[in-house]
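Here are my comments on the model you sent, arranged as numbered points. Please read them with the structure open beside you.

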Amino acid sequence: MKETSIGQEMLDKLSYKKLNVFEEASSEEIKNIFEYAKGYMSFLDSAKTEREACTISIKMLEKAGFSEYKFGDKISVGDKKYLNQYGKSIIAFVVGTEDIAECGIRIVAAHIDSPRLDLKQVPMYEDSGMGFLKTHYYGGVKKYQWTAIPLAIHGVVVKADGEAVNVVIGEDDSDPIFYINDLLPHLGANQASQTLGNAIPGESLNILIGGLPYNDKDVSEKIKLTALSLLSDKYDITEEDLLSAELSIVPAYKARDIGFDRALIAAYGHDDRVCAYPALTALIENKDTSKTVMVVLADKEETGSDGITGMQCDFLVDLMDEISQNLGKNSRTVRSKSMCLSADVVAAFDPNFADVYEKRNSAIISCGTTLCKYTGARGKSSTNDASAEFVGLIRKLFNENNVIWQTGELGKVDAGGGGTVAKYIANHNIQTVDVGVPVISMHAPYEVVSKADVYSTYKAFVAFVK
Ligand code: MN
Ligand code: MN
């Protein structure tokens with residue numbers, strides 16, 4: 001046996017080192033990590049928009065005994081409810097036995113919208129033998145990544161009589177897919193000399209939808225008419241119905257294992273369903289009845305959390321106030337005692353693009369769920385910046401529950417930056433810190449996470465809600 005030197009002993013005791021979740025896990029835990037990933041991947045395939053994420057989340061909640069809450073309903077201890085905010089945001093909550101004026105409400109807040117392309121309101125036209133749909137991108141996309149890949153249409157069309165029709169085309173193997181044209185390299189010399197951000201202008205993200213002319217020589221836009229007649233046959237909708245629709249273009253890919261060892265997952269929309277799913281399952285599986293817990297699955301994070309389904313809307317605090325009032329507690333006291341994990345993804349260090357990271361302070365893939373004390377940009381502006389005391393409290397909680405975790409930041413100083421819903425929740429006098437899964441190729445049509453980090457985040461939320 002090798003003797004440990006005094007210096008080595010001192011180093012082990014005093015220095016900090018990140019741990020790899022896979023390396024630390026027992027064979028039993030490795031099995032759990034891979035098993036948990038299967039559930040997550042099937043969630044991803046059925047939740048490519050915030051509406052679909054709401055629908056599947058409600059199914060999971062109702063199966064676990066949760067029922068719908070509407071503002072004004074009575075709330076009592078032991079209740080398991082969910083608030084459905086216009087089918088695009090959900091707040092699931094369990095009312096515990098502990099006094100919320102003492103212990104507050106524990107909140108895990110993730111978002112379920114992801115970057116994508118939305119159809120414009122008058123989207124359809126034809127040109128030079130092809131039918132197209134006009135789009136306006138939603139959230140931060142690198143436009144060139146969306147050309148020449150298989151795409152699907154998801155969303156809802158509200159007809160003249162008010163009936164809402166759900167549309168999903170491109171997911172079934174027998175479905176057609178959709179497409180955005182790119183330029184052949186032979187004629188791409190000028191395009192190739194543009195910056196990445198300019199090479200594909202937003203107005204050129206037009207969706208290719210067909211090429212079959214309607215069989216009537218008197219009609220002028222024959223390909224468009226073919227498309228309209230097919231939509232009419234299948235969904236009983238007209239072109240004017242598209243004016244009151246929310247149709248989104250998302251990658252037609254399914255979630256897949258990456259690599260010989262299957263340790264990583266490629267999927268559309270890890271940001272932020274990779275935090276939403278662990279939050280939801282941690283709540284559903286929680287057997288402890290003492291804490292009052294809320295899981296928020298929010299919409300509109302990718303566009304700034306504005307609007308009635310975003311986290312800048314009052315519906316979260318309104319619900320907290322309703323719970324407080326129903327239990328006869330002062331709502332301001334309850335908020336001041338509450339705490340929130342803002343559950344969102346963080347940039348994982350990528351050795352292929354090492355120059356934008358400061359490695360010591362970056363999240364490393366498979367080293368566990370990542371706590372970000374601050375986000376923001378240029379001198380920490382627009383950040384929540386959790387206090388040392390609150391970070392200390394969460395650190396203690398994770399360590400006591402054997403959660404392997406790390407800290408991270410969104411790139412090196414002045415390389416860029418970004419934000420989460422953390423500040424909007426903290427602004428209501430609720431202690432908040434960002435915790436979530438490190439992602440490679442964030443906001444790409446196909447993003448990458450480690451199964452170890454998904455499971456570590458699940459364990460972190462389990463520890464937080466019990
Ligand atoms: Mn996010
Ligand atoms: Mn994002």
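1. Helix H4 (50-63), strand S7 (151-158) and strand S11 (245-251) each give at least two residues to the lining of the largest cavity. The model is a predicted one, and a search of the whole structure finds 1 cavity of 30 Å³ or more, with about 60 Å³ of space inside the largest cavity. Its lining consists of Thr 49, Glu 50, Arg 51, Lys 88, Arg 116, His 154, Gly 155, Glu 246 and Ser 248.

2. Several names from that lining return among the charged contacts. A network of salt bridges links Glu 50, Arg 51, Lys 88, Arg 116, Asp 118, Glu 246, Asp 299 and Lys 300. Within this set, Lys 88 is bridged to Glu 50, with the closest N and O atoms 3.4 Å apart; because Lys 88 sits in the loop between strand S2 (80-85) and strand S3 (89-94) whereas Glu 50 belongs to helix H4, the pair ties together parts that are 38 residues apart in sequence. Lys 88 is buried, at a relative accessible area of 6%, and Glu 50 is buried at 2%.

3. Which residue forms a salt bridge with Lys 48? The partner is Glu 171, and the closest N and O atoms of the pair are 3.0 Å apart. Lys 48 lies in the loop between H3 and H4, and Glu 171 in the loop between strand S8 (164-169) and S9, so this contact ties together parts that are 123 residues apart in sequence. Both Lys 48 and Glu 171 are buried.

4. The salt bridge between Lys 38 and Glu 35, whose closest N and O atoms are 3.4 Å apart, is placed within a single helix: the two residues are 3 apart in helix H3 (residues 27-45), and are therefore separated by about one helical turn. Lys 38 is exposed, with 53% relative accessibility, while Glu 35 is partly exposed at 48%. The count of salt bridges in the model comes to 27.

5. Turning to the metals, the manganese ion (ligand 1) takes its protein donors from His 111 (NE2), Asp 271 (OD) and, through two OD entries, Asp 344, at 2.1 to 2.6 Å. Asp 271 in helix H9 and Asp 344 in the loop between strand S15 (339-343) and strand S16 (346-347) are 73 residues apart, so that the pair links distant parts of the chain. Asp 271 and Asp 344 are both buried.

6. For the manganese ion (ligand 2), the protein donors are Asp 271 (OD), Glu 302 (OE, listed twice) and His 443 (NE2), lying 2.0 to 2.6 Å from the ion. The two manganese ions are 3.3 Å apart, and Asp 271 coordinates both. Since Asp 271 lies in helix H9 (residues 270-285) and His 443 in the loop between strand S22 (438-439) and strand S23 (447-450), the pair ties together parts that are 172 residues apart in sequence. Asp 271 is buried at 3% relative accessible area, and His 443 also counts as buried, at 18%.

7. His 443 has a further place in the model: the largest pocket is lined by 44 residues, and those nearest its centre are Ala 347, Leu 410, Gly 417, Met 442 and His 443. This pocket has a volume of about 1200 Å³, and the largest share of its lining, 3 residues, comes from S21.

8. On the surface, Leu 183, Leu 184 and Leu 187 make a nonpolar patch of about 280 Å². Leu 187 is located in the loop between strand S9 (179-180) and helix H6 (189-192), and is exposed, with a relative accessible area of 60%.

Terms used: Residues are numbered from 1 along each chain as its sequence is written. Chains are lettered from A and ligands numbered from 1 in the order in which they are written. This is a predicted model: local features need pLDDT of at least 70, side-chain atom pairs count only at pLDDT 80 or more; totals for chains, interfaces and linings use all residues. Side-chain values use heavy atoms; hydrogens and water are left out. Patches are made of residues with over 30% relative accessible area and no salt bridge: like charges are joined within 9 Å, nonpolar side chains (Val, Leu, Ile, Met, Phe, Trp, Tyr) within 5 Å. Accessible areas come from the Shrake-Rupley method with a 1.4 Å probe; for residues, only the protein chains shown count as cover. A salt bridge is a side-chain nitrogen of Lys or Arg within 4 Å of a carboxyl oxygen of Asp or Glu. Helices (H or I, at least four residues) and strands (E, at least two) are DSSP runs, numbered from the N terminus. Buried means under 20% relative accessible area, exposed over 50%, partly exposed in between (1.4 Å probe, protein chains only). Donors are N, O and S atoms within 2.8 Å of the metal (3.2 Å for Na, K and Ca); water is not among the atoms, so sites may look incomplete. On a 1 Å grid over the protein atoms alone, a cavity is a set of points where a 1.4 Å probe fits but cannot get out, and a pocket is an open set with protein on both sides within 12 Å along at least five of seven lines; lining residues have an atom within 4 Å of a point. Grid points are joined across faces, edges and corners, and a volume is the space filled by probe spheres set on the points.
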